[in-house]
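I opened the notebook today to go through this chain at the bench computer. Here is the entry, in the order I looked things up.

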Amino acid sequence: MPEASGPPRPIDPSSTVDKLKVAEWLNSHWRPDMVQRSCTVCGVTKWTIAEDFAYLSTLGSGGAIQIGGRHFPLVILTCSNCGNTLLFNAIVMGLLPKKPEA
Ligand SMILES: [Zn+2]
């Protein structure tokens with residue numbers, strides 16, 4: 001779910017990921033029967049939640065990088081054993097509002 005097109009939402013550079021909310025969201029959405037939530041690469045269950053949001057931009061027509069175009073704000077979850085990384089949409093997780101704040 002990318003944000004709507006238009007000016008990108010300014011993410012407060014001082015804002016950080018609320019790790020408690022991320023852990024609660026993961027506990028309610030990540031099925032416990034999924035091999036005990038272990039890493040699909042190494043099998044270890046030791047995840048680290050990054051403090052900062054990632055910001056993934058999309059490509060425009062012709063594959064051009066668009067500064068200020070459609071984008072995905074993401075939460076980064078990394079396996080502390082092998083580095084396998086999962087990305088979750090911060091808007092879907094309810095960590096960021098769907099529309100820019102006035
Ligand atoms: Zn791993």
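**Confidence**

In which strand of the chain is confidence lowest, and in which is it highest? I found the lowest in strand S2, residues 54-57, with a mean of 89. The highest is in strand S4, residues 85-89, at 96. This is a predicted model, so I checked the rest of the chain as well. The average pLDDT is 82, and 80% of the residues score at least 70. I put a pencil mark beside residues 1-8, where pLDDT stays under 50. For that stretch the model has 16 contacts beyond four places in sequence.

**Layout**

Next I went through the secondary structure. I noted 1 helix and 4 strands, and along the sequence they follow the pattern α-β-β-β-β. I also looked up the contacts with a separation of 6 or more: 57% of them link residues 24 or more positions apart.

**Strand pairing**

Which strands pair with S3? I took the partners one by one. Strand S1, residues 47-49, runs antiparallel to S3 and is joined to it by 3 bridges. Here isoleucine 49 stands opposite leucine 77. S2 also pairs with S3 in the antiparallel sense, over 4 bridges, and alanine 54 has leucine 74 as its bridge partner. S3 itself covers residues 71-79, and 5 bridges join it to S4, again antiparallel. On that side, leucine 74 stands opposite asparagine 89. I wrote leucine 74 down twice, once for alanine 54 and once for asparagine 89.

Then I followed the chain from S3 into S4. The hairpin has 5 residues between the strands, and glycine 83 takes a positive phi near 90° there.

**Core**

How many residues make up the largest nonpolar core? I counted 5 in all: Val17, Val22, Val75, Phe88 and Ala90. Buried residues come to 10% of the 102 residues in the chain. I picked valine 75 for a closer look. Leaving aside neighbours within four places in sequence, valine 75 is in contact with Val17, Val22, Phe88 and Ala90, among others. The list also includes Ile49, Phe53, Met93 and Leu95.

**Tryptophan 25**

My last stop was tryptophan 25, in helix H1, residues 19-29. Why does tryptophan 25 count as partly exposed? Tryptophan 25 has 18 other C-beta atoms within 10 Å, and a residue needs 20 or more to be buried. I also looked up its spacing to leucine 95: the two are 70 residues apart along the chain, with their C-alpha atoms separated by 9.6 Å.

Methods
Residues numbered from 1 in each chain as written. Predicted model: local features only at pLDDT ≥ 70, side-chain atom pairs only at ≥ 80, totals over all residues. Core = buried A, V, L, I, M, F, W, Y, C linked by C-beta atoms within 7 Å. Buried ≥ 20, exposed ≤ 12 C-beta atoms within 10 Å, placed from the backbone. Contact = placed C-beta atoms within 7 Å. Helix = DSSP H or I, 4+ residues; strand = E, 2+ residues; numbered from the N terminus. pLDDT = per-residue confidence, 0-100. Pairing = 2+ DSSP bridges.
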